[in-house]
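Grab a coffee and work through these exercises with the viewer open. Try each task yourself before you read the solution.

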Amino acid sequence: MQSHFFNMFETILAKDIEAFESYMHPEFISVSEFEMSTREDFLTGMKEWFDDETFDLRNANLVIVADIQICIAFNMNGT
């Protein structure tokens, strides 16, 4: 069985915002250092990334921190 992180990651690589949105929990929140964002704000940011032709996580240094059904966490350094 493929992990939840890799399912989400494949959706991001495909830049499929509709699939990404449907994958997200309705009560999703994003925590980044000292900042929290709502599901809607996070999706707005993801749409901006997906619209950026230079955005490609294949070159990022991703470290999976947690990968369980209710939580996916990773660190991303450099893209």
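Below are five exercises, each with a worked solution.

Two ground rules before you start. This is a predicted model, so local features need pLDDT of at least 70 and side-chain atom pairs count only at pLDDT 80 or more, while totals for chains, interfaces and linings use all residues. Residues are numbered from 1 along each chain as its sequence is written, and side-chain values use heavy atoms, with hydrogens and water left out.

**Exercise 1. The overall layout**

Task: Work out how many helices and strands the chain has, and which pattern they follow along the sequence.

Solution:
- Start with the count: there are 3 helices and 4 strands. Both are DSSP runs numbered from the N terminus, with helices being H or I over at least four residues and strands being E over at least two.
- Next, read along the sequence, and you get α-α-β-β-α-β-β.
- Then look at burial: 22% of the chain's 79 residues count as buried. Buried means under 20% relative accessible area, exposed means over 50%, and partly exposed is in between (1.4 Å probe, protein chains only).
- Now the contacts, meaning heavy atoms within 4.5 Å. Among contacts in the chain with a separation of 6 or more, 41% come from residues 24 or more positions apart.
- Finish with the surface: the chain's accessible surface is about 6,000 Å², and carbon and sulfur atoms own 52% of that. Accessible areas come from the Shrake-Rupley method with a 1.4 Å probe, and for residues only the protein chains shown count as cover.

**Exercise 2. The aromatic rings**

Task: Find which residues the ring pairs link into a cluster, and describe the geometry of F20 with F50 and of F28 with F42.

Solution:
- Get the rule straight: rings of Phe, Tyr and Trp (its six-membered ring) pair if their centres lie within 6.5 Å; planes under 30 degrees apart count as stacked, over 60 as edge-to-face and the rest as tilted.
- The structure has 3 aromatic pairs. One of them is F20 with F50, an edge-to-face pair at 6.3 Å centre to centre and 80° between the planes.
- F20 sits in helix α2 (residues 17–23) and F50 in helix α3 (residues 39–51), so this pair ties together parts 30 residues apart in sequence.
- Check the burial of these two: F20 is buried at 3% relative accessible area, and F50 is buried at 9%.
- Move on to F28 and F42, whose ring centres are 4.9 Å apart with planes at 50°, so this pair is tilted. It links distant parts of the chain, with F28 in the loop between α2 and β1 (29–32) and F42 in helix α3, 14 residues apart.
- F28 is partly exposed at 23%, and F42 is partly exposed at 22%.
- Put together, ring pairs join F20, F28, F42 and F50 into a cluster.

**Exercise 3. The salt bridge**

Task: Identify which residue forms a salt bridge with R39, and say where both partners sit.

Solution:
- Here's the background: side chains of opposite charge can pair when their charged atoms come close.
- The cut-off is a side-chain nitrogen of Lys or Arg within 4 Å of a carboxyl oxygen of Asp or Glu.
- The structure holds 1 salt bridge. R39 pairs with E21, and their closest N and O atoms are 3.8 Å apart.
- This pair links distant parts of the chain: R39 is in helix α3 and E21 in helix α2, 18 residues apart.
- R39 is buried at 15% relative accessible area, whereas E21 is partly exposed at 32%.

**Exercise 4. Two neighbourhoods**

Task: List which residues T11 and M24 touch, not counting residues up to four places away in sequence.

Solution:
- T11 is in helix α1 (residues 4–13) and is buried at 15% relative accessibility.
- With those sequence neighbours left out, T11 touches D16, A19 and F20.
- M24 is in the loop between α2 and β1 and is buried at 9%.
- With the same neighbours left out, M24 touches R39, F42 and L43.
- For a distance check, the C-alpha atoms of M24 and M8 are 9.0 Å apart, with their positions 16 residues apart along the chain.**Exercise 5. A backbone oddity and a surface patch**

Task: Find where K15 sits, then name which residues form a nonpolar patch with M36.

Solution:
- K15 is in the loop between α1 and α2, and K15 is partly exposed at 29% relative accessible area.
- Its phi is near 55°, a positive value in a residue other than glycine.
- For patches, take residues with over 30% relative accessible area and no salt bridge; like charges are joined within 9 Å, nonpolar side chains (Val, Leu, Ile, Met, Phe, Trp, Tyr) within 5 Å.
- I29, V31 and M36 make up a nonpolar surface patch, with about 330 Å² of accessible area together.
- M36 itself lies in strand β2 (residues 35–38) and is exposed at 59%.
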